[in-house]
Structures are given as C-alpha cells and as structure tokens.
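Welcome, and thank you for taking a look at this structure. Please have the sequence and the 3D view open, and let us walk through them together.

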Amino acid sequence: MSTVENKEQMPPAEPPLILGNQTFGTVTDRISKLAERKTTLTWLAALSLAASVALLLLGSIGYLFYEGIGIWGLNVPVAWGWAIVNFVFWVGIGHAGTLISAILFLFRQKWRTSINRFAEAMTLFAVICALVFPGIHVGRIWVVYWMFPLPNQMDMWPNFRSPLLWDVFAVSIYFTCSLVFWYTGLIPDLATLRDRATTKIRKIVLGIFSLGWRGGNRQWKHYELAYLILAGVSTPLVLSVHSVVSTDFAVSVVPGWHTTIFPPYFVAGAIFSGFAMVMTLGIITRKVFHLEDFITNQHLEKMNKIMLLTGMMVGYSYACEFFIAWYSGNAYEQFAFINRAFGPYAWAYWIMISCNVLIPQMFWFRKLRTSIPVMFVASIFINIGMWFERFVIVMSLARDYLPSSWDYYSPTTWDVLTFIGSFGLFFTLFLLFLRFLPVVAMFEVKGVLPEADPHHKGGSH
Amino acid sequence: MSVHRRKFLKLAGITALGLAGGAPAKILAEDSITPDSLKEVTEATATPKAPLVARRWAMVIDLTKCREAGDCNDCQKACHLTHNVPDFGNPKDEIKWIWKESFHHAFHEQEHEFLDEKTKHGPAVVLCNHCDNPPCVRVCPTGATWKRENDGIVMMDWHRCIGCRYCVLACPYGSRSFNWRNPREFIKDLQPEFPTRTRGVVEKCTFCDERLARGQMPACVEACKAKAITFGDLEDPNSEVRTLLHEHFTIRRKPGLGTQPEVYYIV
C-alpha cells in the first residue's frame with residue numbers, strides 16, 4: 001500500500017502529544033533516569049524544607065493532643081473552623097488525579113497519559129493530608145475509632161444516619177481505590193525500573209513491588225482488563241466523594257448550608273481546585289525535570305480549558321445560591337447570603353469570587369491559556385480561591401439563628417501552623433514520589449507515540 | 001438475658017440515687033440558690049421517691065410571669081449548680097444549659113412591627129427543646145445523643161461523645177455547648193451527686209432526667225419563684241402542661257424548621 005493512499009484515508013492529524021521525536025527507548029531512558037540518578041542537592045534542600053514544615057504539623061498536633069482543641073480559634077456557634085476547611089480543601093484537591101486517570105481513560109482522552117501518574121500521586125497525598133483533619137478535630141481524639149463500625153464490648157455502634165459516617169466511608173473507599181488504581185498503573189513501569197536496576201537492593205525492592213511482571217501478552221491482556229475495571233470503579237467515586245463531603249453541610253439546617261445544590265457544586269469545585277493543583281505541580285515538575293516534551297503546551301492548554309469550564313460551573317453555583325436564597329423567600333437564607341457578600345467575612349467572599357470566577361475568565365484567550373507564567377499564577381490564585389470558598393461556607397456558622405451567640409472566628413497561631421504544616425506533609429510525600437518513582441507513566445506514553453500505532457507511516461500493517 | 005444492661009443500669013442508678021438522698025425539692029423553693037442550701041437539702045432528704053414518668057415530657061414557659069420577675073436568674077443558677085456546669089468567665093468557652101435571651105432574638109420570625117417594646121425586649125428563657133424531630137440526634141456519629149423512646153427526652157451521654165461538635169452546628173437553637181478546656185477546674189461548687197464532664201465533650205440540658213428518676217421535678221422548674229416554668233406529660237390530658245396549652249395561645253421556637261420543639265411559650 002502506498003503512503004499516499006494511506007494519508008488519504010486518515011482523519012485530519014492532531015498535533016503530536018509527545019514532542020522531540022521520542023522513541024520507546026528514549027521515553028524509558030528519560031523518565032527512568034529521573035528515578036535512578038543520584039540524589040541532587042536541590043531535591044535534598046527541597047525535601048529538608050518540606051519535612052521541616054511537616055514537623056510544624058506534627059508539633060501542632062502534639063500540642064493539640066496535650067491541650068485540647070481549645071487552642072484553636074473555635075467557639076460556639078463557630079464550632080467547626082479551619083480543620084474542616086482544610087479537610088474539604090485537601091479532599092477537593094484529591095479529585096483531579098482520579099478524574100484524569102479514570103474518567104479521561106474511559107473517555108479515551110489520550111492526553112492524560114503524560115500527567116496521570118503524578119496527578120494520581122498528588123491525589124493520594126492530598127487525601128492523606130485531608131484525612132489528618134477529621135481525625136484531629138474531635139474533642140476526644142483517643143476515642144475517634146468509635147466512628148468505625150467495630151464490634152465492641154460496650155455495645156456501641158455508629159449512627160449510619162450521620163453524614164460524618166458517610167464521610168468516613170466515602171473518603172476511605174476513595175483513598176483505597178485511588179491507591180490500588182495508582183499502584184496497578186505503576187506495575188509495568190516498576191518492572192521496567194527493576195530490569196534496569198544496577199544494585200541488588202533496587203532489584204529486590206522493585207522486584208517485590210512489580211509483582212513478577214514480565215510483560216507477556218497474557219499479562220497485558222489481564223492488566224488492561226483490570227485497569228479498565230478499576231477505572232470503572234473509580235469513576236463514580238470521583239463524583240460520590242465530594243457529594244458526600246457536601247452533605248456534611250447540606251444535611252444540617254444551618255442557613256447557607258441547607259441547599260440541594262451542594263453535591264454538584266462541590267464536585268465541580270473539587271475538580272476545579274484539583275486541576276489547579278495539578279497545574280501548579282505540573283509546571284514546576286516539568287521545568288525542573290525538563291519534561292517539556294512530555295507535558296507539552298497542548299496538555300496544559302487542555303487542563304486550562306477544563307479549569308475554565310469547572311470555574312464557570314462554580315461561578316454558576318455561587319449565583320444560583322443567591323438566586324435560590326431570594327426565591328425561597330426564607331429570611332434566614334436571604335440574610336445568610338447577603339451576609340456572605342457584605343458581612344464581616346465579605347473580604348473572604350470577594351477573594352473567593354475574584355480567584356474562582358474572574359481569574360479563570362482569562363482562559364478564554366488562547367494567548368493567555370498557553371502562557372506558562374500566566375497559567376502558573378492563575379493556578380495558584382485558584383488554589384487560594386478554593387480554600388477561601390470552603391472558608392466562606394464554614395463561616396456561615398458565625399451568623400446562626402440566634403443573634404446573641406453570633407461571633408467572629410479568628411484563627412490562632414495553632415490553626416495557622418497546622419494548615420501550613422499540612423503543606424509540608426504534602427510536599428514531603430510528593431518529593432519522595434518524584435525521587436523514587438517514574439513521574440510519567442512510561443508505558444502509557446509509549447502507547448500514544450506514533451510508533452505504537454500499527455497504522456502509522458512505516459508500520460507493519 | 002431478661003434484664004437488658006441499660007435497664008439494669010437505670011434501675012441501679014435510680015436505686016443508688018434514691019438511697020443517696022432524694023435531693024432538692026426544698027432547696028429549690030428557697031429564696032436564694034446557694035451551694036450550701038443545696039447540700040443541706042441533699043443531706044437532709046433521704047426518703048426515696050418514686051420516679052416521675054411520662055410518655056412525652058414537655059415544658060411550658062410563661063414569659064409574662066418571667067417578665068414580671070425582672071432580673072431574676074434563679075432557673076439558670078439552680079440548673080448550673082445542680083449539674084456542675086463550669087463558669088469560665090468568658091464568652092468563647094461559655095457553657096450553658098438554660099439561659100435568658102431577649103424575645104426579639106429567640107422569636108425573631110414571630111414578631112411584627114407593632115409588637116410592644118416590653119415583650120420584644122423582654123426575656124425568653126431558652127434551653128434544649130427536646131424536639132420530636134431532633135436534628136442533633138440525626139447527625140451524631142456515635143449515638144452519644146439520642147431521643148429516649150419512652151418519654152421523648154433528648155438524652156446526652158458524655159461517655160459516648162467523641163467531641164465532633166456536629167450536634168452543636170445542627171442544633172438551630174444554640175442549646176449545645178462544648179468543653180473547649182478542662183471544665184473541672186472551673187466548677188465553683190462541686191455537687192458530688194452529679195457527674196462532671198471531661199474536656200472535649202458536648203453538653204446540654206437533659207430535662208433533669210436524673211432528678212426525674214429520683215421523683216423530682218427539673219431544677220429550673222423548682223427554682224422558679226414566679227412559677228413561670230411548668231413541666232409535665234403531654235400525653236396526659238389532665239396534666240398541668242396540657243391545661244396550660246389548652247387555656248393559652250402558645251408558640252414554639254423556629255416552627256418552620258420542622259423540628260417540633262417540646263418547649264412551649266406563653267407570650
């Protein structure tokens with residue numbers, strides 16, 4: 001068959017996903033080397049910094065256990081504060097990874113291959129950070145296991161009508177599935193690293209974790225089926241986790257919380273914030289590891305388009321909440337929303353609106369959504385904005401049904417240190433990942449190279 | 001087992017409490033509530049009484065009588081003293097089981113522009129409403145707070161409370177408080193008959209279930225000199241509360257929320 005005929009049959013070509021004329025060999029080499037090379041001073045410095053900040057978290061938690069949650073700025077009625085804000089913030093960030101891996105996989109979006117590995121890692125670390133908070137925010141930390149349905153001599157059993165219970169299950173199932181999904185995706189790449197290993201220790205450790213992967217046809221068949229099933233299992237979880245988290249608020253009768261829009265609104269916000277974090281980390285990783293050929297402008301632009309879409313969904317939700325508050329005719333709801341925009345936390349509200357609604361509008365312009373500095377700064381602002389969204393929601397508590405108990409919540413040093421410390425934990429885990437595991441899914445990237453397509457020019461069919 | 005543990009404990013508790021002294025009917029009728037008077041009565045009364053039982057406990061508070069009583073705060077004093085409620089001396093840590101609000105705050109949606117100033121800015125004694133449909137019970141992850149089936153009291157077990165504070169948010173009446181710090185150092189006059197709480201748990205009014213078990217009316221009811229608080233069984237057509245509800249127009253707090261409070265107010 002001649003080349004000319006072949007071209008005529010082909011659909012209009014999309015720009016290549018991977019640049020730099022990569023071959024299977026160069027992909028393996030470039031990505032594996034990142035995990036195989038000697039520890040660099042920069043990495044060590046970054047890890048020291050991140051681990052030191054993580055120590056702040058440990059220290060704050062230690063003091064919290066010793067002294068009790070009175071060290072936080074909480075009061076009645078603002079009995080939930082930064083701990084819950086941080087929990088929702090981190091769980092939200094933990095949405096993008098599985099969305100990229102599972103949902104985009106099911107939709108055959110090939111551009112996911114360059115970013116899914118680190119996005120999933122980010123998901124896991126964000127969920128770990130999130131899980132810290134519900135654990136430490138209870139008054140009697142030593143009995144927090146009563147939230148789990150563990151048969152015991154006290155004849156105690158959790159109340160399954162409580163959204164907190166739903167949370168326990170939703171988040172822990174999400175974490176487990178994400179971990180299994182991520183690990184399954186790692187197996188072929190771990191085997192590649194094992195085969196390239198030069199020291200005995202690496203051979204043994206990687207040998208154990210690659211579970212005897214040989215890369216035979218039968219293994220690939222099983223592998224692909226397993227991956228598809230896991231993607232199918234994970235997809236509804238992406239939607240369910242944040243829906244369930246939103247019920248923590250929506251189920252109670254607090255004005256400003258008791259709305260049916262919460263589940264979709266939270267899911268959109270979670271994807272929005274998750275993508276922003278993937279963007280922030282992706283741009284840094286790409287720069288430091290010289291991965292411009294793998295994480296190309298095309299990838300970044302597509303992520304920006306998703307952020308534009310989800311940002312507008314979030315903006316729509318903000319508007320809809322106001323509309324429904326007015327339309328309901330409920331004086332308390334109306335007050336809650338007017339209070340959000342013009343009350344004591346108006347500053348937080350307008351930070352939220354600026355970061356989450358206005359800033360993503362830049363991405364309508366191709367020039368802006370393909371500019372690395374612009375998208376980097378925008379992604380950081382979106383991260384900030386999404387934290388403030390949760391802050392604004394939780395602070396509805398400051399104006400409850402009883403005006404005499406109204407109060408203003410101000411964080412204490414311990415609130416702030418705990419929050420900053422959670423970033424330390426997140427970056428410590430992320431840096432360890434960058435150092436020891438393949439940052440990009442090598443075998444998946446190979447799958448989207450022209451070389452992998454049997455119909456490509458010079459192919460065998 | 002023919003006797004369930006809870007029932008056994010309840011019986012045991014009632015017996016023990018009864019033997020310990022069927023405290024304070026007298027004390028609370030006295031002019032001023034002081035720890036000494038409370039102790040005296042506790043020590044003096046040793047006759048066990050039959051527990052007070054009802055199918056649906058309810059309270060009627062006559063705000064007209066409360067208004068006439070002026071600055072009186074006996075109900076709160078008696079309740080907080082009886083239940084070892086700590087006084088931290090600052091609003092951030094404040095713990096309250098029963099307290100006075102202004103009518104304007106407690107019944108905001110039920111007033112109108114021509115309501116007389118006396119009523120509007122007059123007192124409204126507020127406490128846990130022991131709702132028929134309690135939003136706090138629904139959200140408690142461990143079942144530390146529950147609606148007692150036999151008499152409708154929204155109970156609170158501090159030993160089961162893990163301190164997640166969800167009930168504090170869920171309660172639209174602000175009836176729940178949290179022990180941000182160790183309360184034991186802030187109890188001025190410790191009453192050994194009633195347990196103290198630990199740091200990190202939620203607490204609230206329980207309609208004096210421990211006193212009912214000893215055959216006594218709630219502390220606030222007995223302490224109110226103006227007789228503004230009436231307590232009784234809603235299911236009993238001859239009870240005092242039913243008579244009051246029959247004779248007066250009464251309102252409840254936040255009826256629109258569907259919680260069905262069991263504390264009624266005569267305005």
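## Two helices side by side in chain A

Let us begin in chain A, with helix α7 (residues 163–196) and helix α9 (residues 217–250): their axes come within 9 Å and cross at roughly 150°. Please keep in mind throughout that this is a predicted model. An angle over 145 degrees counts as roughly antiparallel, and α7(A) and α9(A) are therefore roughly antiparallel to each other. The crossing in which α7(A) passes α9(A) is left-handed.

One residue to pick out here is Pro236(A), which lies in helix α9 of chain A. Is Pro236(A) buried, exposed or partly exposed? Pro236(A) has 13 other C-beta atoms within 10 Å and is partly exposed. Its C-alpha atom is separated by 37 Å from that of Gly20(A), and these two residues are 216 apart along the chain.

## More helix pairs in chain A

Next come helix α4 (residues 82–93) and helix α6 (residues 116–136) of chain A, which pack at an angle of about 155° with their axes 8 Å apart. α4(A) and α6(A) are therefore roughly antiparallel to each other, and their crossing is left-handed. Which residues meet between α4(A) and α6(A)? On the α4(A) side they are Ala83(A), Asn86(A), Phe87(A), Trp90(A), Val91(A) and Ile93(A). On the α6(A) side they are Ala126(A), Val127(A), Cys129(A), Ala130(A), Phe133(A), Pro134(A) and Ile136(A).

Further along chain A, helix α11 (residues 297–328) packs with helix α12 (residues 331–342) at an angle of about 145°, and their axes are 7 Å apart. Here too the crossing is left-handed, as α11(A) passes α12(A). The residues of α11(A) that take part are Glu321(A), Phe322(A), Ala325(A), Trp326(A) and Ser328(A). They meet Glu333(A), Gln334(A), Ala336(A) and Phe337(A) in α12(A).

## A meeting of distant residues

Now look at Ala35(A), found in helix α2 (residues 24–36) of chain A. With 19 other C-beta atoms within 10 Å, Ala35(A) is partly exposed; being buried would take 20 or more. The C-alpha atoms of Ala35(A) and Phe436(A) are separated by 4.9 Å, although the two residues are 401 apart along the chain. Leaving aside residues up to four places away in sequence, Ala35(A) touches Leu193(A), Phe436(A), Leu437(A) and Pro438(A).

## The largest nonpolar core

In soluble globular proteins, nonpolar side chains tend to be buried together. The largest nonpolar core in this model has 192 residues, and those touching the most other members are Met122(A), Phe275(A), Val278(A), Ile61(B) and Cys220(B). Helix α10 (residues 262–288) of chain A gives the most to this core, with 14 residues.

What does Val278(A) touch, not counting residues up to four places away in sequence? Its contacts are Ala96(A), Ile115(A), Ala119(A), Met122(A) and Met303(A).

## Chain B and its sheet

Turning to chain B, you will find twelve helices and ten strands. Of its 267 residues, 45% are buried. Among the contacts in chain B between residues at least 6 apart in sequence, 68% join residues at least 24 apart.

Four strands of chain B form an open sheet with mixed pairing, in the order β8-β1-β10-β9. β8 and β9 (250–251) of chain B stand at the edges, each with a single partner strand, so one side of each has no neighbour in the sheet. Helix α12 (residues 240–247) of chain B packs on the sheet and touches β1, β8, β9 and β10 of chain B, with a direction that makes about 115° with that of β8(B). Strand β8 (residues 229–233) of chain B is largely enclosed by the rest of the structure, because five of its five residues are buried.

Strand β1 (residues 57–62) of chain B runs antiparallel to β8(B), and five bridges join the two. Within this pair, Ile61(B) stands opposite Ile229(B). At the other edge, two bridges join β9(B) to strand β10 (residues 263–266) of chain B, again antiparallel, and Ile251(B) stands opposite Tyr265(B).

## Where the chains touch

Finally, 33 residues of chain B are in contact with 37 residues of chain A. On the chain B side, α8 (135–139), α9 (166–170) and β6 (177–178) each supply at least two residues. α9(B) gives the most to that side, with four residues.

Definitions and conventions: Residues are numbered from 1 along each chain as its sequence is written. Chains are lettered from A and ligands numbered from 1 in the order in which they are written. This is a predicted model: local features need pLDDT of at least 70, side-chain atom pairs count only at pLDDT 80 or more; totals for chains, interfaces and linings use all residues. A residue is buried if 20 or more other C-beta atoms lie within 10 Å of its own, exposed if 12 or fewer, and partly exposed in between; C-beta atoms are placed from the backbone. Two residues are in contact if their C-beta atoms, placed from the backbone, lie within 7 Å. Two strands pair if DSSP finds at least two bridges between them. A nonpolar core is a set of buried Ala, Val, Leu, Ile, Met, Phe, Trp, Tyr and Cys residues joined through C-beta atoms within 7 Å. Axes are lines fitted to C-alpha atoms, for helices over the stretch in contact, and angles run from 0 to 180 degrees between N-to-C directions. Angles under 35 degrees count as roughly parallel, over 145 as roughly antiparallel, 65 to 115 as roughly perpendicular and the rest as oblique. A crossing is left-handed if the near helix is turned anticlockwise from the far one by less than a right angle, and right-handed if clockwise.
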